[in-house]
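Q: Could you take me on a close look at the aromatic rings in this structure and how they pair up?

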Amino acid sequence: MASSSIFIPPILSRRNLLLSTTITTVSPPPPPQQPQPKPPSPDITITDRVFLDFSLCPTYFRSDPSATLSSTTPCSDSTPLGRVVLGLYGRHVPNTVSTFKRMCTSSSTSYKNTPVHKIFPGQYFLAGRQGGGRRDTAEVGFLLRDLPRNTDVVNSKSFLLPHSRAGVVSLCLSENDDDDETRLDPDYRNVEFLITTGPGPSPQLDGGNIVFGTVLEGLDVVTSISSIPTYKPSENIKQFNDFAEFLGDERAQNARSLWNRPLKTVYISGCGELKVTNPSLSPTLP
């Protein structure tokens with residue numbers, strides 16, 4: 001008959017018990033997870049203020065190609081819509097703000113007498129298009145060689161602020177309507193901007209455009225601009241345009257440039273700077 005092995009448990013002495021308890025007691029707990037520091041929030045102190053006066057022309061105007069846009073009166077029977085005062089974030093995106101201020105105050109090349117060229121109801125409108133120098137469409141000056149290059153556009157921190165409400169002022173990059181050929185010119189300087197009209201946010205603009213200011217006064221003017229009727233193609237035209245683009249027809253892009261164009265001309269009839277004595281989040285207006 002085979003003998004079976006019998007398991008004899010080890011004798012746990014008092015010394016072994018005390019030693020194991022001591023080791024368990026003095027073993028340090030694992031270190032807690034340290035929270036990652038949050039990146040600093042963008043400085044949205046309002047350092048500068050500018051104004052844009054908007055007017056409405058009952059028909060689409062074309063300016064004299066030989067004239068300087070800032071010195072012409074493109075519409076003799078225009079109706080003033082009102083003034084929009086903008087507060088600019090000069091500490092967050094100093095180069096963008098500096099360029100915008102210059103375009104509002106320059107006597108040679110400025111936003112004065114240039115149109116709002118696209119309106120997207122319930123979202124935003126576009127202004128300051130440079131385009132291909134087609135002066136008959138009353139765009140801003142062609143190739144703004146005197147303006148310094150805007151290094152904000154290559155800084156990821158410039159794109160942190162969201163288009164979260166009505167009255168956000170943003171430099172157009174992803175939504176830019178300028179001709180591709182023009183933008184490739186080494187003397188090109190982007191000055192096209194948008195203002196959100198609300199009532200809700202426009203998250204599709206986030207991360208691709210640089211928010212550099214906010215509307216301080218005249219949000220009612222912004223709302224009135226957003227309500228102006230625009231050209232809207234029929235569904236058949238949209239489908240035909242999509243098919244033409246699929247075939248590589250360059251005319252498809254040219255046709256889309258007319259979409260969302262206001263049927264009446266809204267233009268910047270005046271612009272300039274308002275001094276800020278003490279930069280703050282909510283400056284006192286004069």
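A: Let's begin with what a pair is: rings of Phe, Tyr and Trp (its six-membered ring) pair if their centres lie within 6.5 Å, and planes under 30 degrees apart count as stacked, over 60 as edge-to-face and the rest as tilted. Ring pairs link F100, Y111, F193 and F212 into a cluster. Please keep in mind that this is a predicted model, where local features need pLDDT of at least 70, side-chain atom pairs count only at pLDDT 80 or more, and totals for chains, interfaces and linings use all residues. Residues are numbered from 1 along each chain as its sequence is written, and side-chain values use heavy atoms, with hydrogens and water left out.

Searching the whole structure turns up six aromatic pairs. In one of them, F100 and Y111 have ring centres 5.4 Å apart and planes at 45 degrees, so this pair is tilted. F100 is in helix α2 (residues 94-105), while Y111, eleven residues apart from F100, is in the loop between α2 and β3 (114-120); helices (H or I, at least four residues) and strands (E, at least two) are DSSP runs, numbered from the N terminus.

F100 also pairs with F193, this time edge-to-face, with 5.2 Å centre to centre and 85 degrees between the planes. Because F193 lies in strand β6 (residues 193-196) and F100 in helix α2, this pair ties together parts that are 93 residues apart in sequence.

Are these rings buried or exposed? Buried means under 20% relative accessible area, exposed over 50%, partly exposed in between (1.4 Å probe, protein chains only). F100 is buried at 3%, F193 is buried at 1%, and Y111 is buried too.
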